Amino acid sequence: IQKLCDRVASSTLLDDRRDAVRALKSLSKKYRLEVGIQAMEHLIHVLQTDRSDSEIIGYALDTLYNVISNDLEEEEQEENLPKQVDDLGSQFTEIFIKQQENVTLLLTLVEEFDFHVRWPGVKLLTSLLKQQGPQVQQIILVSPMGVSRLMDLLADSREVIRNDGVLLLQQLTKSNAAIQKIVAFENAFERLLDIVTEEGNSDGGIVVEDCLLLLQNLLKNNNSNQNFFKEGSYIQRMKPWFEVGDDNCGWSAQKVTNLHLMLQLVRVLVSPTNPPGATSSCQKAMFHCGLLQQLCTILMATGVPADILTETINTVSEVIRGCQMNQDYFASVNAPSNPPRPAIVVLLMSMVNERQPFVLRCAVLYCFQCFLYKNQKGQGEIVSTLLPSTIDATGNSVSAGQLLCGGLFSTDSLSNWCAAVALAHALQENATLKEQLLRVQLATSIGNPPVSLLQQCTNILSQGSKVQTRVGLLMLLCTWLSNCSIAVTHFLHNPANIPFLTGQIAENLGEEEQLVQGLCALLLGISIYYNDNSLENYRKEKLKQLIEKRIGRENFIEKLGFISKHELYSRAAQKPQPSFSSPDHMMFDHEFTKLVKELEGVISKAIYKSSEEDKKEEEVKKTLEQHDNIVTHYKKVIREQDQELEELKQRINTLTSQNEQLQATVTQQVSQIQQHKDQYNLLKVQLGKDAQHHNSHSETFQMNGIQMEEASKLKEELEEWKNKHELLQGQLREKDSVIEKLKSSQLEMGTTEQSLQTSKSGGLEHNNELQKELEMLRSQIQLQSAEISKLQMENQKLQLMNTTADPVLGDSGATAANNSELDGRLEQEVKELKSEVKALSEEKESLKQHLDSSSSTVAILQDEKSKLQQEVAESKKEQDDLLVLLADQDQKLSALKIKLKDLGVPVEDEDDIESGDQGDEDEDGDEEEQD
């Protein structure tokens with residue numbers, strides 16, 4: 001090993017160093033300690049200096065992995081080795097990561113795409129994280145883009161690297177919230193869910209298991225990641241995981257593992273330890289996307305393995321816990337039986353069945369507790385099945401209440417405990433149901449009168465059954481009597497109850513009975529604290545005196561403290577789910593531990609209070625009640641007054657709005673009346689003026705009427721001719737522009753190719769003809785404009801004549817003759833102009849046709865031109881390519897000639913060869929001449 005290390009350190013040739021590293025790799029598994037001590041520094045140096053050679057880098061990484069990793073082959077594992085092996089791995093890891101640059105170097109090597117570098121790099125980094133997780137995590141966290149580089153492994157197309165990348169990220173994200181957040185925001189959820197889908201969801205292999213473990217690392221106890229998972233709509237993508245077919249026989253071990261992890265992942269999102277808001281939003285999302293419905297189908301399916309069924313029940317429990325919508329849905333689920341039964345009933349049947357597995361029964365109890373948690377509607381439905389009015393007389397279907405009563409009084413102590421706790425949850429924080437449950441009557445045996453449920457519980461308690469049964473019944477009674485004075489009165493009404501409790505507390509029994517004594521003390525304390533003194537023999541003072549005489553206050557408080565000091569109590573207080581290692585440890589319920597915390601101190605104070613203090617408290621309570629009544633009365637009065645005030649305010653607002661509207665209408669009407677007055681006065685004035693001028697001007701209007709009409713007609717005709725003239729000029733301008741464009745396009749086309757000249761000459765001649773015709777039209781339009789100007793002059797003369805007409809109009813006959821002559825001349829000119837306009841429009845149509853034909857020929861010519869240009873461009877490209885090829889060949893030839901000259905081979909230059917060729921040609925020419 002020493003020689004090989006020297007070769008790695010001192011060899012100048014890369015091949016020698018590579019061979020030496022390869023040899024070290026082969027020795028590293030067997031002689032791990034020696035190779036690690038002597039070669040680690042040299043191997044790190046190789047990683048730094050020989051990065052260009054992937055093979056030596058791969059060997060070096062493999063050697064380091066063998067030295068650091070504890071994954072020994074099975075044949076080498078021995079019983080006395082594991083401790084030493086663990087120490088070696090952690091020691092070598094500590095040496096490696098002492099220099100942080102080594103880890104950053106490893107991160108850069110992991111970026112390499114070469115399989116022989118990337119894969120061993122991933123394995124080595126995973127091994128480092130296994131040995132010294134927190135330290136390596138910290139180095140990766142501070143290195144720039146460290147986590148992002150490792151995230152790229154999930155996108156690698158090679159499955160080996162991708163799968164090992166998942167394992168690496170598992171180690172990287174363990175117990176480090178900062179890295180978990182970075183990984184999540186690097187789109188890890190999307191990639192991992194894609195891999196799970198590609199691998200076949202629950203039917204996939206161990207890769208799916210690894211992905212699910214990584215998802216658990218990212219989500220467990222990480223509120224921001226859970227929120228990101230929910231906001232990214234990834235909960236919806238979990239639904240296909242639980243689409244289990246009808247054929248549930250023959251589940252593979254891997255499928256069971258995968259489904260187990262999938263269920264745990266759902267539970268991570270809705271765990272009771274999460275913030276309530278986050279849990280609630282996840283529960284709602286699971287209902288809306290159909291995930292809860294899918295879980296319920298698994299719950300009711302046949303052929304599902306027992307552990308999967310148990311975990312599914314636990315998962316459904318936490319998905320519905322405290323969520324009213326989900327609880328209502330669960331209450332509506334029916335089992336596929338004939339007749340169909342509610343799922344709750346089917347589950348309770350398995351809970352009170354002693355032949356069912358213990359874990360399954362615990363899961364069902366948890367499910368029932370979660371269904372009733374903060375669900376007063378569900379509590380009422382359960383209790384109603386026990387009440388006399390709702391019990392099914394036919395007895396065809398078994399109700400939840402009947403099953404609970406059956407379990408409460410069965411011979412199996414576990415069933416007694418489970419049923420008692422379940423019934424206690426049905427009464428949790430619900431005083432009305434506690435009162436209603438007092439109405440429940442039970443038929444114990446034929447011939448005997450029915451007994452109340454409360455009485456039956458105390459009877460079983462006094463019979464001295466198993467500890468588990470008595471603990472369950474005492475928890476039920478404590479829950480029932482707490483915060484319910486009527487229930488306390490009913491309990492005290494039985495004269496045997498108080499003597500039994502005091503007898504139990506006063507006795508000095510073994511450790512097992514101490515728990516029962518503590519619960520009896522709690523029940524007696526509740527009977528004192530919530531006592532309304534309605535029974536004369538069992539008033540608060542008398543019960544306290546009884547405790548002082550029979551038990552002693554200190555002894556009573558000590559016995560009461562047995563509950564909270566018990567080991568099983570502290571375990572149950574940790575989390576809501578009942579998790580017990582064996583049925584014997586099943587003693588306390590989580591919700592009951594909360595009740596004990598609440599009541600323990602209160603009862604201790606109540607026991608030590610004197611009768612005078614109690615009286616004072618009662619007086620204070622009464623005065624407070626009176627005050628409360630007065631306050632409530634005044635509140636009612638204030639509410640009524642507030643309502644009246646609101647109504648009056650609304651009336652005032654409506655009246656003010658109506659008043660404003662009326663004022664606006666009045667102002668509008670006033671302004672309208674004023675306008676009407678002004679208009680009336682103006683009309684009056686105008687009518688007076690019209691009456692004065694009417695007589696003086698009536699004769700002149702009659703005499704000049706005919707001439708004015710004729711002049712107006714002439715004006716209209718002149719305006720029409722002007723408009724037509726302008727239109728014709730516009731058309732001429734358009735045609736001129738078209739001709740100019742044609743000329744320019746023809747000139748451009750003429751310069752490109754000679755082959756197009758013949759076709760263009762025809763187009764130019766055609767354009768010349770069009771120009772001539774346009775010049776003719778222009779000359780005609782000029783003549784027309786001259787005639788129009790003449791007509792305008794004559795029109796002006798007529799207007800002058802009209803204006804200078806004599807008011808007496810003596811020579812009216814002469815003017816009439818002149819007017820008739822003018823009319824005749826104008827009619828003739830108008831007819832001539834109309835005929836000219838017709839001729840012009842015909843010429844315009846023919847010109848349009850000529851233009852269309854010329855434009856089509858121009859378009860054809862342009863197409864031909866573009867084709868020719870493309871051909872020219874292609875030929876130029878070909879020429880350029882040929883020139884490039886020739887240049888390359890010339891370069892190659894010159895290089896070859898140089899090489900030949902270097903080798904000593906005589907080579908002729910191109911000039912010599914050309915001169916030789918010319919000489920040969922001359923000789924051939926001379927010979928031909930001689931011949």
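**Exercise 1. A salt bridge at a loop**

Is Asp-194 buried, partly exposed or exposed, and what is its relative accessible area? Work out next which residue Asp-194 pairs with, and where the two partners lie.

*Solution.* The model is a predicted one. Step one: Asp-194 has a relative accessible area of 30%, and is therefore partly exposed, since buried means under 20% and exposed means over 50%. Step two: Asp-194 forms a salt bridge with Arg-237, and the closest N and O atoms of the pair are 2.7 Å apart. Step three: Asp-194 belongs to helix H12 (residues 188-198) and Arg-237 to the loop between H14 and H15, so this pair ties together parts that are 43 residues apart in sequence. Step four: Arg-237, with a relative accessible area of 26%, is partly exposed.

**Exercise 2. Further salt bridges and a network**

State how many salt bridges are counted, and then describe the pair formed by Arg-18 and Glu-55, including the place of each residue.

*Solution.* Step one: the count comes to 26 salt bridges, one of which links Arg-18 with Glu-55, where the closest N and O atoms are 3.8 Å apart. Step two: because Arg-18 lies in helix H2 (residues 14-28) and Glu-55 in helix H4 (residues 54-68), the pair ties together parts that are 37 residues apart in sequence. Step three: the accessibility of each partner is taken in turn, and Arg-18, at 14% relative accessibility, counts as buried, whereas Glu-55, with a relative accessible area of 36%, is partly exposed. Step four: another of the salt bridges is formed by Arg-158 with Asp-156, with the closest N and O atoms 3.0 Å apart; Asp-156 is buried, its relative accessible area being 7%. Step five: Arg-237 and Asp-194 also form a salt bridge, and Arg-237 is partly exposed at 26%. Asp-15, Arg-18, Asp-19, Arg-22, Asp-53 and Glu-55 are joined into one network by salt bridges that share partners.

**Exercise 3. Residues with positive phi**

Find the place of Asn-221 and of Ser-233, and give the phi of Asn-221 and of Ser-233.

*Solution.* Step one recalls the background: most residues other than glycine have a negative phi. Step two: Asn-221, although not a glycine, has a positive phi of about 55°, and this residue is found in the loop between helix H13 (206-219) and helix H14 (223-231). At 65% relative accessibility, Asn-221 counts as exposed. Step three: Ser-233, which is not a glycine either, has a positive phi of about 60°, and sits in the loop between H14 and helix H15 (253-269). With a relative accessible area of 39%, Ser-233 is partly exposed.

**Exercise 4. The span and cover of a helix**

Compare the expected span of helix H21 with the distance between its end C-alpha atoms, and say how many of its residues are buried.

*Solution.* Step one: helix H21 (residues 358-372) has 15 residues, and at 1.5 Å a residue these should span 21 Å; the expected span uses one less than the number of residues. Step two: the end C-alpha atoms of H21 are 22 Å apart, which agrees with that expectation. Step three: H21 is mostly covered, as 14 of its 15 residues are buried. Step four: after H21 comes Lys-374, with a positive phi near 55°.

**Exercise 5. Charged patches on the surface**

Name the residues of the negative patch and of the positive patch, and identify which helix gives the most residues to the positive patch.

*Solution.* Step one: the patch of negative charge on the surface gathers Glu-640, Asp-642, Glu-644, Glu-646 and Glu-647, and Glu-647 is placed in helix H35 (residues 611-703). Step two: the patch of positive charge on the surface gathers Lys-724, Lys-831, Lys-834 and Lys-838. Step three: H38 gives the most to this positive patch, with 3 residues. Lys-831 lies in helix H38 and, at 61% relative accessibility, counts as exposed.

**Exercise 6. Contacts across the sequence**

Find the C-alpha separation of Ser-841 and Leu-728, and that of Leu-774 and Leu-732.

*Solution.* Step one: Ser-841, in helix H38 (residues 812-903), and Leu-728 are 113 residues apart along the chain, and their C-alpha atoms are separated by 9.1 Å. Ser-841 counts as partly exposed, at 36% relative accessibility. Step two: Leu-774 lies in helix H37 (residues 757-803), and its C-alpha atom is separated by 7.5 Å from that of Leu-732, which is 42 residues away along the chain. Leu-774 is buried, with a relative accessible area of 4%.

Technical notes:
Residues are numbered from 1 along each chain as its sequence is written. This is a predicted model: local features need pLDDT of at least 70, side-chain atom pairs count only at pLDDT 80 or more; totals for chains, interfaces and linings use all residues. Side-chain values use heavy atoms; hydrogens and water are left out. Patches are made of residues with over 30% relative accessible area and no salt bridge: like charges are joined within 9 Å, nonpolar side chains (Val, Leu, Ile, Met, Phe, Trp, Tyr) within 5 Å. Accessible areas come from the Shrake-Rupley method with a 1.4 Å probe; for residues, only the protein chains shown count as cover. A salt bridge is a side-chain nitrogen of Lys or Arg within 4 Å of a carboxyl oxygen of Asp or Glu. Lys and Arg count as positive and Asp and Glu as negative; His and the chain ends are not counted. The place of a charge is taken as NZ of Lys, CZ of Arg, CG of Asp or CD of Glu. Helices (H or I, at least four residues) and strands (E, at least two) are DSSP runs, numbered from the N terminus. Buried means under 20% relative accessible area, exposed over 50%, partly exposed in between (1.4 Å probe, protein chains only).
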